[in-house]
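Visitor: Could you take me through one part of this model in detail, choosing a strand and following its surroundings? I would also welcome some context from the rest of the chain.

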Amino acid sequence: MPQNNRQQQGYYQQNQQQYNGYVDKSLPPRQQQYSQNNQEQYYQQNDEYSQSPQDVKKTSYKEPMSLKKKVIIFGSTGLSILIIGIIAVLFIVRAPITENVVASKVVQPGTATDLELVWWKPDTPEQNEEVYSDIIDNFTEKVREQAAVDGKQMRIEIKIVNRKYDEVDYYSNLTEEIAKGVGPDILTIRNDDLPAYKDFMVPITQFKGAVLEQYKSDFVDLAVRDTMANDEVYAVTEYVDNLQMYYNKEILEQNGISEPAKTWGDMDLQSSELSKENYDDSFLISTISFGLGGLLEKQSGKSPNISTHQDILPVLIRQYGGDLYDYKLERSDFSIDDSDAGKSTDPVYQAVKYYMSFSNEYDDKYSWNENMPNDLDVFVEGKLIYMLGYREADSLISSRNPNLEYSIARLPQHNEDSKRTMGRFFMNGLSVKLADETKYQSERYWSEQFLLYLASKEAQNMFWDKTNLPGARRDIIAEQKKGEKTLQIFADGALYAESYYKPDVLKVENIWTDMLEKIKFSSASLESPILEAVKEYEQLVKNGTHTRRSQRD
């Protein structure tokens with residue numbers, strides 16, 4: 001027996017107990033034995049999420065005997081064609097569990113099969129062709145080798161051409177192409193977009209029963225919740241980025257401070273001591289970019305100057321003990337007690353008041369105003385001590401100013417016993433066009449197989465190696481927490497990161513910007529704009545989901 005086969009056999013023997021539950025006891029004894037043997041072949045591939053024989057019986061779509069179709073993934077740097085094979089053992093089974101499902105997947109020895117899939121990905125640093133090339137190569141090599149064992153040839157082409165990403169056009173182009181019956185087989189969206197784009201997708205059918213429960217156990221809570229709807233998995237992700245705190249080491253050390261602020265109390269003290277105003281009403285040195293929103297042109301004529309304000313405010317509200325949405329009751333839980341007695345303890349009021357205090361020129365914490373440029377630009381220039389940002393900002397900062405002495409610290413908490421931060425990620429799912437079994441049986445089957453592999457520890461390890469982003473799988477995070485300090489911080493954050501329900505993403509996020517603008521640039525009391533924001537969010541929840549579109553629409 002070849003060495004790699006002996007290793008695979010040993011792997012199956014070690015893990016046989018875990019997968020015995022997948023044998024279909026409803027089959028006659030002979031077919032039960034076949035089902036067990038088929039599992040043995042399958043789990044030798046060390047893919048914890050692929051389809052079990054029991055699940056195959058329930059599959060509504062069928063893999064045709066011969067495939068003359070293609071798998072295309074678009075990317076901005078050009079089309080790259082990778083010769084790949086197939087990871088699922090069901091491709092090579094010799095005796096059917098059910099005649100009409102499995103037998104149709106058998107390819108005659110010596111035949112060649114071509115498959116191409118289309119995958120649309122956003123054009124971002126962590127979502128590009130180079131990141132996924134090794135993952136695709138590995139997947140296709142496994143498929144090719146398994147097909148060769150049975151004297152078959154299987155050629156799958158996966159090409160990554162990144163689509164330009166923005167808040168509106170990426171999504172409108174995607175839905176327009178799908179509506180025409182074309183577009184991708186696999187698509188990529190943000191985690192908070194699933195409610196509005198679920199109708200443009202189909203669930204990954206192989207996440208059922210024990211496999212679904214394993215998925216829920218393997219991935220962090222946010223990754224599970226935001227990839228699922230109606231207890232079905234619609235997408236998979238390889239990472240969970242989250243909001244933490246960047247800081248300028250040099251400025252702190254020059255002021256005799258050896259460690260960054262660990263609590264918001266520390267931040268208050270440093271802000272009153274370290275911020276230095278300029279003659280033009282800006283700041284020579286600002287402690288932290290808090291206190292404003294996106295600075296809408298209709299209010300101030302300025303460009304956005306706090307990049308993550310739409311995430312900072314929800315995080316502070318959660319840290320103070322407030323809620324935004326009740327997932328069990330499926331209703332808004334965003335509220336405020338605006339009575340004189342209630343305001344002193346109301347978490348929403350207190351969170352907004354604290355955030356705004358940093359842009360109040362009469363407050364000791366004053367360190368930011370509308371005259372400041374974008375906070376990322378100020379941080380890169382070395383004039384901002386603290387900035388809240390995601391892991392992806394790290395590469396931007398280091399590339400723009402390689403000499404900047406900065407590091408990353410954990411986001412301060414209002415209550416150490418209940419840590420909160422905001423999480424976000426892109427996730428990959430199946431286009432609704434694959435629901436058409438008369439046209440896309442092959443594309444759906446193999447698209448699912450690739451996504452199942454993408455969820456495996458092996459593939460996610462390769463993703464981590466290329467991106468250094470915090471993982472989505474708990475076992476990956478456990479390894480990351482043993483590594484370098486900054487990755488430890490983000491990896492730990494992935495475990496408790498949150499999001500909240502956004503039925504209309506752009507309108508929901510704009511609630512925070514509008515509220516902050518009204519507080520800062522109108523004579524309204526603090527509670528009045530907050531009450532308006534509460535009512536607007538409640539109404540958006542009642543109105544139901546809506547896809548992204550220009551705010552002018």
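Guide: The chain holds 21 helices and 20 strands, and since what we have here is a predicted model, everything that follows describes that prediction. Of the 553 residues in the chain, 57% count as buried, and among the contacts with a separation of 6 or more, 77% are between residues 24 or more positions apart.

The part to look at closely is strand S2, made up of residues 119–122. Both of its faces are covered, with Trp119 and Lys121 buried on one side and Trp120 and Pro122 buried on the other. Two strands can then be followed outward from S2. One is strand S5, residues 186–190, which runs parallel to S2 and is joined to it by 2 bridges; within this pairing, tryptophan 119 of S2 stands opposite isoleucine 186 of S5. The other is strand S4, residues 162–163, which also pairs with S2 in the parallel sense, again over 2 bridges, and here lysine 121 has asparagine 162 of S4 as its bridge partner. Lysine 121 is thus a residue that is buried on one face of S2 and that also takes part in the pairing with S4.

Further along the sequence comes helix H5, residues 129–149, whose axis comes within 11 Å of that of helix H16, residues 437–454, the two crossing at roughly 120 degrees. Because an angle of that size falls outside the range of 65 to 115 degrees that counts as roughly perpendicular and is not over 145, H5 is oblique to H16. The crossing of these two helices is right-handed. On the H5 side the contact is made by Tyr132, Ile135, Ile136, Asn138, Phe139 and Lys142, and on the H16 side by Gln449, Phe450, Tyr453 and Leu454. Sorted by character, the residues of this contact between H5 and H16 comprise 7 nonpolar, 2 polar and 1 charged.

For a further lysine, one may turn to lysine 343, which is placed in the loop between strand S15 (331–332) and helix H13 (347–357). Its relative accessible area is 14%, and because the cut-off for burial is under 20%, lysine 343 is buried. Once its neighbours within four places in sequence are left aside, lysine 343 is in contact with Asp337, Asp338, Tyr349, Gln350 and Glu527.

Conventions: Residues numbered from 1 in each chain as written. Predicted model: local features only at pLDDT ≥ 70, side-chain atom pairs only at ≥ 80, totals over all residues. Heavy atoms only, no water. Buried < 20%, exposed > 50% of the residue type's maximum accessible area, 1.4 Å probe, protein only. Helix = DSSP H or I, 4+ residues; strand = E, 2+ residues; numbered from the N terminus. Pairing = 2+ DSSP bridges. Axes fitted to C-alpha atoms, helices over the stretch in contact; angles between N-to-C directions. Parallel < 35°, antiparallel > 145°, perpendicular 65-115°, else oblique. Left-handed = near helix turned anticlockwise from the far one by under 90°. Contact = heavy atoms within 4.5 Å. Nonpolar A, V, L, I, M, F, W, Y, C, P; charged D, E, K, R; others polar.
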